[in-house]
Amino acid sequence: MKKKEKVSIFRNGVLIIGASRLGAYIAMSLQQAGRNVTVIDKDEDAFDKLEDFQGFTVVGDATDLNTLESNEIKRFDMVIVTTDDDNTNLYIGDICNTIFDVPKVYIRLNDSDKVKLLANSKIKAICPFLLSVEKFYEMYNE
């Protein structure tokens, strides 16, 4: 009986979901660092923040699995979710992590209490509130 070979998928690229001010800035920074970047947003006007962007932009709803599959999510080694809705970010992050097994998933959470929901998960949270508090204390203690 012939042994079944494990299929290896070459992942190279960053998918950013949500072309908010944060998402656009991260997209531009990663592009300048030489990464292949794709940005998905529901609102085509959101891409106006991406000046001189050389990556791909996709108008679509990333909560729809078909949107992620049709944009070949399995070719990305990193997904960064920066929509303005914490529940949407948690949902999309979980899909990328559990269904598509993306190696690195980062999500923005405005409500730092929701970080607890990521316990026992590979998903990493970025909390602007906590970062601001940390920076304040750092400056305060100088």
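This section describes the fold, the nonpolar cores and selected local features of a predicted model.

The chain comprises four helices and six strands. Along the sequence these elements succeed one another in the order β-α-β-β-α-β-α-β-β-α. The C-alpha trace extends over about 70 × 40 × 25 Å along its principal axes. Of the 142 residues in the chain, 39% are classed as buried. Among contacts with a separation of 6 or more, 51% join residues 24 or more positions apart. The accessible surface of the chain amounts to about 9,400 Å², and carbon and sulfur atoms contribute 50% of this area. The chain carries 18 positive and 23 negative charges, and the mean positions of the two sets are separated by 11 Å.

The largest nonpolar core contains 22 residues, and those with the most contacts inside it are Leu15, Ile17, Leu68, Ile73, Val79 and Ile107. At least two residues of this core come from each of β1 (14-17), β4 (78-81), α3 (86-99) and β5 (104-108). Helix α3 makes the greatest contribution to this core, supplying four residues. Apart from this core lies another, of 16 residues, which includes Ala24, Ile26, Ala27 and Leu50.

The surroundings of Ile17 illustrate the packing within the larger set. When neighbours within four places in sequence are set aside, Ile17 is in contact with Ile40, Ala62, Leu68, Val79, Ile80, Val81, Thr82, Thr83 and Ile92. Of these partners, Leu68 and Val79 are themselves listed, with Ile17, among the core residues with the most contacts inside it.

Helix α1 spans residues 21-32 and thus has twelve residues. The distance from its first C-alpha to its last is 17 Å, close to the 16 Å expected at 1.5 Å a residue. Within α1, the buried residues are Gly23, Ala24, Ile26, Ala27, Met28, Leu30 and Gln31. Ala24, Ile26 and Ala27 also belong to the core of 16 residues. The buried residues of α1 pack against three strands, namely β1, β2 (37-41) and β4. After α1 comes Gly34, which has a positive phi, near 95°.

Positive phi values also occur outside glycine. Most residues other than glycine have a negative phi. Asp52, however, has a positive phi, near 60°, and is situated in the loop between β2 and β3 (56-59). Asp52 counts as exposed because its relative accessibility of 64% is over the 50% cut-off. Glu72 likewise has a positive phi, near 50°. The position of Glu72 is in the loop that connects α2 (65-70) with β4.

Asn97 provides a further local feature, located in helix α3. Asn97 is buried because its relative accessible area, 11%, falls under the 20% cut-off. With neighbours within four places in sequence left aside, the contacts of Asn97 are with Val102, Val105, Ser121, Lys122 and Ile123. One of these partners, Val105, falls within the range of β5 (104-108). Helix α3 thus holds the buried Asn97 and also supplies four residues to the largest nonpolar core.

Terms used:
Residues are numbered from 1 along each chain as its sequence is written. This is a predicted model: local features need pLDDT of at least 70, side-chain atom pairs count only at pLDDT 80 or more; totals for chains, interfaces and linings use all residues. Side-chain values use heavy atoms; hydrogens and water are left out. A nonpolar core is a set of buried Ala, Val, Leu, Ile, Met, Phe, Trp, Tyr and Cys residues joined through side-chain atoms within 4.5 Å. Buried means under 20% relative accessible area, exposed over 50%, partly exposed in between (1.4 Å probe, protein chains only). Contact means heavy atoms within 4.5 Å. Accessible areas come from the Shrake-Rupley method with a 1.4 Å probe; for residues, only the protein chains shown count as cover. Lys and Arg count as positive and Asp and Glu as negative; His and the chain ends are not counted. The place of a charge is taken as NZ of Lys, CZ of Arg, CG of Asp or CD of Glu. The expected span of a helix is 1.5 Å times one less than its number of residues.
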